[in-house]
Amino acid sequence: MSIRAPRKGENYELSVDLNSEYREKRKDAIKRTIASMTVGKDVSGLFPDVLKNMQTDDLEQKKLVYLYLMNYAKTQPELVILAVNTFVKDTDDPNPLVRALAIRTMGCLRAEKIIDYLCDPLQKCLRDENPYVRKTAALCVAKLYDLKPELVIDNGFLEQLQEMISDSNPMVVANTVAALTDIHTAATSQPSTSSSDPGIFVITTSILNKLLIALNECSEWGRVAVLNALARYVAQDEKESEHICERVVPQFQHVNGSVVLAAVKVIMIHMRNVGREDLIKQLIRKMAPPLVTLLSSPPEVQWVALRNINLLLQKRPDILSNEMRVFFCKYNDPLYVKVEKLDIMVRLASEKNVDALLSELKEYASEVDVDFVRKSIKAIGQTAVKIDVAAERCVNVLLDLIATRVSYVVQEAVVVMKDIFRKYPLTYEGVIPTLCANLDELDEPEAKASLIWIIGEYANKIDNADELLGIFVDTFTEESYPVQLQTLTAVVKLFLKKPDSAQGIVQRVLTTATKDCDSPDVRDRAYIYWRLLSTDPGAAKAVVLAHRPPISIPRTSVSAALLEELLGEISSLASVYHKPEETFVGRGRVGADAVRKGTDLSDDRFSTQKALQTVVAGQQAENLLDFDDAPAVEGEPSGLAATQVFSQTPAAASLLAGTSSNPLDDLVSIFGGAGLSSGTPAFGGANAGFGSGISPITPSVSTPMVGLGLAGLGQTPVPLQPQQSQSQQDDLLGLF
């Protein structure tokens, strides 16, 4: 029986082949090593064997070895130093590709021990006779600055980069600008940076002219770097802004979408200083075709373009005023593209194109995608609110959709009709019977709340309004909170408009809301209505039936200042998210997680301070159910002063400092301890209540009445009987 030799493993076989005397075998072993590394296998143990294969005339093999070194330099920093001599030697190689490859790889080896050896080869490569080597070395300076800024400054690399902006080769200029911009961003992200910091990249008039000359000859990504630099430039006068705009406009015809958006950004920024209306109109007219062309890109690029176009339309609505049809949705568009197109179509809607828009939106409402259908119906409502003359046509389209009896279509149409009633009160009352007939179709809170609002608003025009609202009152406790709130308000409106027939239903809903409902918002609103109706029906009418201003669609979805900031960030994530970059990106080397942690910490401290203020306010507050005007106690601090006094207690101080070992005990001691002034009873005292000085409720004239404010509406209010009053009072106390 023969004994099988133990298997050595794949790495052992690779090690043997890497040390083979045959060149082809060594090269094949390197390829297999890289393949293993790519799929996630650990081949770091082969570092010395791979390193031996660095010195070769085969450029492909050298690239593979350099790729391996870049991947494992962090885990094997000691062994990387062994490769330094080969790197330095390669930077003197007669082949410019080898020189560039060596300096690029040295910049990518983020190992502290190799940085000091990088300076001399980098100095030589920055002055290399071949532009390919110079442009590679320029980017290497930015990588070195990220690792060790002081080394870049001490060796004069920044001054060399400034000189390289005058280089005769446009690609060198573009890479130099990209490197200087990267260094500028890193330098300005440090809080202690001053305006005299050598890392600050100031674009002067002479630099501007060099950038404009190089712009038309760069590669596409070089053009993006130059255009981003031009966007940062502050023009000296109107003439210079016009000159920049005229030189940048040809970039609109570029095939790369990133170049087009970068050019749009430069134009939008420098157009602020242009005073000539004819030039502004000309620039806007030239901006439209390239933006339309972007919509023939793949869906992901389309969406980015659409988000940027959305911003541009908020600033300049006339850019694409004649291009509505290019935004019509295609059958194979993803949902995220369709939604963005809908938003832009509503922005572009006008009296001229509203008919085409409505017929298109009506088609969308018969699609199978429920979310898209809902947003299409919502867009019809927005169009009605935006264009007065088209409102009737929009309502007719909505009625046609309601006639389909498709549940989600009907529900969204009801929500939209509520907005139309808000915009055009007393105009489309003939639609109300159709809406009420579809009451049984509604099962979503927003749709129910919308129909209830319509019934309450037009209660005097709807004969059976009390019956319709009675359906919701019967199931009051089972409904969601928004529906409960809307039902409560609608019933009170009904009572104020038809006091004779609605007395019973308003009594039911107020009793249910105050006794059986577990939402403090609903309870509080019921108490307020009850108090208003029982004391001053005139005030109740003034509050509940107050005139509401008609709604309108805001022209912008962001503030004017933020819009200007985002227009300066077009073609970046900020313009896609419609948020400033600080909200989702850390500054410099600080990641987003660190920023979020810092924000959470400050929020926690702020929340603790607010909690203490709330406790102080609670201890000084009057009884929430005592409506008499009691004078405040003199000599007691209030507001911020009270908080400062209160925070001097040991428990509150430890809570604020975040050093509390047991926050629960501290809170108990805060709530259970004595008040700010002597004589203030604690929470567990004889007259326990919400805070200091609370006394038991005694029956008063202002106790809610059964008549619910019929005084003032033509009838005499009937006060509660003593027994009823006492039980009502017990119920109120039980709630709290």
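**Rings, a helix face and a core**

Tyr-364 and Phe-372 are both buried. They belong to a predicted model, and a search of the whole structure finds eight aromatic pairs in it. The ring centres of Tyr-364 and Phe-372 lie 5.2 Å apart with their planes at 40°, so this pair counts as tilted; to be tilted, a pair must have planes that are neither under 30 degrees apart nor over 60. Phe-372 has a further partner in Lys-338, whose charged end sits over the ring of Phe-372, 4.8 Å from its centre.

A tilted pair is also formed by Phe-421 and Tyr-458, with 5.2 Å from centre to centre and 55° between the planes. This pair links distant parts of the chain, 37 residues apart: Phe-421 is in helix α24 (residues 407-423), while Tyr-458 is in the loop between α26 (445-457) and α27 (465-474). Both Phe-421 and Tyr-458 are buried. Elsewhere, ring pairs join Phe-47, Tyr-68 and Tyr-72 into a cluster.

Tyr-364 leads on to helix α21 (residues 354-364), where it is one of the buried residues, together with Val-354, Leu-357, Leu-358, Glu-360 and Leu-361. These buried residues span an arc of only 165° around the axis, and therefore lie on the same side of α21. Among the elements that cover them are α20 (335-348), α22 (370-386) and α23 (391-402).

Next comes the nonpolar core. In soluble globular proteins, nonpolar side chains tend to be buried together. The largest nonpolar core here has 208 residues, and within it Leu-69 and Leu-230 touch the most other members. Helix α17 (residues 257-270) gives the most to this core, contributing ten residues. Which residues does Leu-69 touch, not counting those up to four places away in sequence? They are Phe-47, Leu-51, Met-54, Ala-83, Phe-87 and Leu-109. Phe-47 also takes part in the ring cluster with Tyr-68 and Tyr-72.

The last stop is a loop residue. Thr-91 is found between α6 (84-90) and α7 (96-108), in the loop that joins them. Is Thr-91 buried or exposed? Its relative accessible area is 4%, and buried means under 20%, so Thr-91 is buried. The side chain of Thr-91 reaches the backbone oxygen of Val-88 at 2.5 Å. Leaving aside neighbours within four places in sequence, Thr-91 is in contact with Arg-99, Ala-102, Ile-103, Pro-121, Lys-124 and Cys-125.

Key
Residues numbered from 1 in each chain as written. Predicted model: local features only at pLDDT ≥ 70, side-chain atom pairs only at ≥ 80, totals over all residues. Heavy atoms only, no water. Phe/Tyr/Trp six-rings, centres within 6.5 Å; stacked < 30°, edge-to-face > 60°. Buried < 20%, exposed > 50% of the residue type's maximum accessible area, 1.4 Å probe, protein only. Helix = DSSP H or I, 4+ residues; strand = E, 2+ residues; numbered from the N terminus. Lys NZ or Arg CZ within 6 Å of the ring centre and 35° of its normal. Arc of directions from axis to C-beta. Contact = heavy atoms within 4.5 Å. Polar contact = N/O pair within 3.5 Å; in protein donor to acceptor, adjacent residues only side chain to side chain. Core = buried A, V, L, I, M, F, W, Y, C linked by side-chain atoms within 4.5 Å.
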